Amino acid sequence: MAAPTISKEQAEAIYSKGLEGIIAGETSICSIEQGGLYYRGYEIHDLSKNATFEEVAFVLLEGHKPSAAELSRFKGELVAERAIPASVIQFLREVGPALKRGTAVPMDVCRTAVGLLGHLDPDCQDNSGPANLRKAKRLLAKCPSIIGHMQSVIDGRELVEPERGGDPTLSHAANLLYLMTGKKPSPEFARCMDVSLILYAEHDFNASTFTCRVIAGTLSDMHGAVCGGIAALKGPLHGGANEAAMEMLKRIDAHIKKGGTVESYMQNAFETKEKLMGFGHRVYKNGDHRAPILGALGREIARKQGPDSLKWFEIGDKVQKIMLEQKKIHPNVDFPCGMTYFVMGIPVPQYTPIFVASRLSGWCAHIIEQHANNRIIRPLSKYTGEPVRSWNG
Ligand SMILES: CC(C)(COP(=O)(O)OP(=O)(O)OC[C@H]1O[C@@H](n2cnc3c(N)ncnc32)[C@H](O)[C@@H]1OP(=O)(O)O)[C@@H](O)C(=O)NCCC(=O)NCCS
């Protein structure tokens, strides 16, 4: 039976710029309420305290909490798929000079690498549930190798164990850090990265996930949809905010070194209508549940490192206080993320690719859900152009 249609008048009545407040589809993967963020019913504080990223990725992709045997199987599948093909490594090496010059940026390189993986994936054109799940696991497993090898190329170092994509005994989070640095991370760094991946894994119909669903809704394939998701995530109003937030803190620090204050920087930002990166959210108006969780872990690392690291959190505290007092706007998760990754020594341009390494789990779950119960996503527009006119006058 055809689905009910909606009249133009009804559509105009519910029009909302940027789709604010509009329900654009159904999902059983995630819910966001002012009172909490839930992945398949599990609350984010509960998950970040008691689960690992691999468990969270399983819950998102396979739909339920894994048994010990299921988790062991899932982890084994990811480890077995960590290595990336030689042609993708070749691409990373060839784009190295452009990455060093800055004409290529890691998010774009990540997007192209995912496109290349699609060409080589035997399931690429198969949108069935089982094929989608296989592709999701491969993408999830391979993304840290893309990021890590890219960073090794930028740093002019040997790639870290490219034949097996790192160390099979390490978790997804620890292995990501190992691939990026060549050093096994401390348990504290590994756990902090793991929690950040848990927090970033899923967020219902955010811009990049919605992009993935729009692409999947045409019955296009998972790799194509993920490429679209990466392009959407790159923007500073979305995932790119974790990099932009840290760059902003560096600008504030430079302003202080020249005799200014956080207050004077902020006043100028308000006057020039500069957006403060890592603040505000379309859905959370009373604060982002994820921000304090990551902020506490990052601050603890900084505290142990000493004043040079802690200063970023102190500047951040002042920025937060002024934003709340003067604009009533709270930080989102990208604000503490920027500072946390910075004190962990992660290069700023890799912050958003790391977000990809996590959000892939949510994106792929949504692509699977869209393909399983599809209707093309095709909204209307509100025409604001010229009236009807004749070409010959
Ligand atoms: C996240 C974001 C895109 C949400 O956008 P939105 O729901 O369309 O909200 P708006 O941009 O319309 O913001 C509403 C008001 O708050 C202000 N505002 C929102 N976020 C702001 C910020 N980060 N800095 C300064 N002002 C901000 C807007 O200027 C606007 O004020 P106005 O009504 O006087 O014009 C927006 O808050 C933003 O750009 N934040 C910075 C980027 C960021 O951190 N993104 C990561 C999101 S997880």
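This report describes the overall build of a predicted model and the surroundings of its ligand.

**The protein chain**

The protein chain contains 17 helices and three strands. Its C-alpha trace spans about 65 × 55 × 50 Å along the principal axes. A compact globule of 393 residues would have a radius of gyration near 21 Å, and the protein chain has 22 Å; the two values therefore agree.

**The ligand and its shell**

Where does the ligand lie? The space taken by the ligand is the largest pocket. Around the ligand there are 17 residues, and the closest are K275, L276, G278, F279 and R282. By character, the residues of this shell divide into eight nonpolar, five polar and four charged.

**Polar contacts with the backbone**

Three residues, listed below, each place a polar backbone atom within 3.5 Å of a nitrogen atom of the ligand.

| Residue | Protein atom | Ligand atom | Distance |
|---|---|---|---|
| L237 | backbone N or O | nitrogen | 2.9 Å |
| L276 | backbone N or O | nitrogen | 2.7 Å |
| F279 | polar backbone atom | nitrogen | 2.8 Å |

L276 and F279 in this table also belong to the closest residues of the shell. For L276, the distance from a backbone N or O atom to a ligand nitrogen is 2.7 Å, and for F279 the distance from a polar backbone atom to a ligand nitrogen is 2.8 Å. On its own, the ligand has 850 Å² of accessible area, of which the protein covers 61%.

Terms used:
Residues are numbered from 1 along each chain as its sequence is written. This is a predicted model: local features need pLDDT of at least 70, side-chain atom pairs count only at pLDDT 80 or more; totals for chains, interfaces and linings use all residues. Side-chain values use heavy atoms; hydrogens and water are left out. A residue is near a molecule or strand if one of its heavy atoms lies within 4 Å of it. A polar contact is a pair of N or O atoms within 3.5 Å; within protein, one must be able to donate a hydrogen and the other to accept it, and residues adjacent in sequence count only if both atoms are side-chain atoms. Accessible areas come from the Shrake-Rupley method with a 1.4 Å probe; for residues, only the protein chains shown count as cover. On a 1 Å grid over the protein atoms alone, a cavity is a set of points where a 1.4 Å probe fits but cannot get out, and a pocket is an open set with protein on both sides within 12 Å along at least five of seven lines; lining residues have an atom within 4 Å of a point. A molecule sits in a cavity or pocket if more than half of its atoms lie within 2 Å of its grid points. Ala, Val, Leu, Ile, Met, Phe, Trp, Tyr, Cys and Pro count as nonpolar, Asp, Glu, Lys and Arg as charged, and the others, Gly among them, as polar. Helices (H or I, at least four residues) and strands (E, at least two) are DSSP runs, numbered from the N terminus. The radius of gyration is taken over C-alpha atoms; the globule rule is 2.2 Å times the number of residues to the power 0.38.
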